[in-house]
Amino acid sequence: MSKAHSNAPKGPSQRQLRVGELIRRALAEIIQRGELHDPELADVPITMGEVKVSPDLRVATVYVMPLGGQNVKEVIAALARSQGELRHLLGKQVLLKFSPTLRFMPDETFARLDATRRLLADERVRADVAKPDAPPDTPEEE
């Protein structure tokens, strides 16, 4: 009997997650040490929330946010300009068959957290959460 295969999308493999975390840590160290020669990135603290790697490990999408959320587009443009230098430095730190192409995207995690906090602070939501659960209907005994 053959196994039924579902067409449901799968999440990233353990290898993709492990390589993504290695890349995230290496890039954070490179930027923190100031190894890039781009003056726009010299004094900008950058948070790297996550790195998602393609199944073949050739493309890494890096989700970044400058501290304070200021000048997001400029920082992403500066990182994109420095992509070649970053790939070179990354290749020295992380031993992979291919140094992945780096794509930089704004990290929307903080915006989603703020939206969730606003939603939970809503009066109607707090009233629903504060209501005690109604006991189940039980027939009265005589």
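Helix 1 and helix 3 pack against each other at an angle of about 115°, their axes lying 10 Å apart. The crossing that these two helices make is right-handed. This geometry, like everything described here, comes from a predicted model. At the contact, helix 1 contributes Ile23, Ala26, Leu27, Glu29 and Ile30, which meet Leu86, Leu89, Leu90 and Gln93 of helix 3.

A step back helps to place this pair in the whole protein. The chain has five helices and three strands, and reading along the sequence gives the pattern α-β-β-α-α-β-α-α. The protein has 142 residues, of which 27% count as buried. Contacts that reach far along the chain are well represented: taking contacts between residues at least 6 apart in sequence, 64% join residues at least 24 apart.

Helix 3 deserves a closer look. Which of its residues are buried? They are Gln83, Leu86, Leu89 and Leu90. These residues sit on the same side of helix 3, because they cover an arc of only 130° around the axis. A general rule is useful to keep in mind here: an α-helix has 3.6 residues a turn, so residues three or four places apart point the same way. The buried residues of helix 3 pack against three elements, namely helix 1 (residues 14–32), helix 2 (residues 72–81) and strand 3 (residues 101–106).

Gln83 illustrates the part of this packing that involves strand 3. This residue is found in helix 3 and counts as buried because its relative accessibility is 17%, where buried means under 20%. Leaving out residues up to four places away in sequence, Gln83 touches Thr101, Leu102 and Phe104.

Gln93 also lies in helix 3, which spans residues 83–93. Is Gln93 buried or partly exposed? With a relative accessibility of 32%, Gln93 counts as partly exposed. Even so, Gln93 has partners from elsewhere in the sequence: not counting residues up to four places away, Gln93 touches Ala26, Glu29, Ile30 and Arg33. The chain folds back on itself here, as Gln93 and Arg25 are 68 residues apart along the chain while their C-alpha atoms are separated by 10.0 Å.

Just after the helix comes Val94, in the loop between helix 3 and strand 3. Val94 counts as buried, because its relative accessibility is 10%. Outside its neighbours within four places in sequence, Val94 is in contact with Leu22 and Ala26. Ala26 is also among the residues that Gln93 touches. From C-alpha to C-alpha, Val94 lies 7.0 Å from Ile23, although 71 residues separate the two in sequence.

Another loop residue is found beyond strand 3. Asp107 lies in the loop between strand 3 and helix 4, a helix that covers residues 109–121. Is Asp107 buried or exposed? Asp107 is buried, since its relative accessible area is 7%. Leaving aside neighbours within four places in sequence, the contacts of Asp107 are Gly49, Tyr63, Val64 and Met65.

Finally, the aromatic rings were examined. How many aromatic pairs does the structure hold? The number is zero. One ring does have a charged partner, however: Arg58 lies over the face of Phe98, at 3.6 Å from the ring centre.

Definitions and conventions
Residues numbered from 1 in each chain as written. Predicted model: local features only at pLDDT ≥ 70, side-chain atom pairs only at ≥ 80, totals over all residues. Heavy atoms only, no water. Helix = DSSP H or I, 4+ residues; strand = E, 2+ residues; numbered from the N terminus. Buried < 20%, exposed > 50% of the residue type's maximum accessible area, 1.4 Å probe, protein only. Contact = heavy atoms within 4.5 Å. Phe/Tyr/Trp six-rings, centres within 6.5 Å; stacked < 30°, edge-to-face > 60°. Lys NZ or Arg CZ within 6 Å of the ring centre and 35° of its normal. Arc of directions from axis to C-beta. Axes fitted to C-alpha atoms, helices over the stretch in contact; angles between N-to-C directions. Left-handed = near helix turned anticlockwise from the far one by under 90°.
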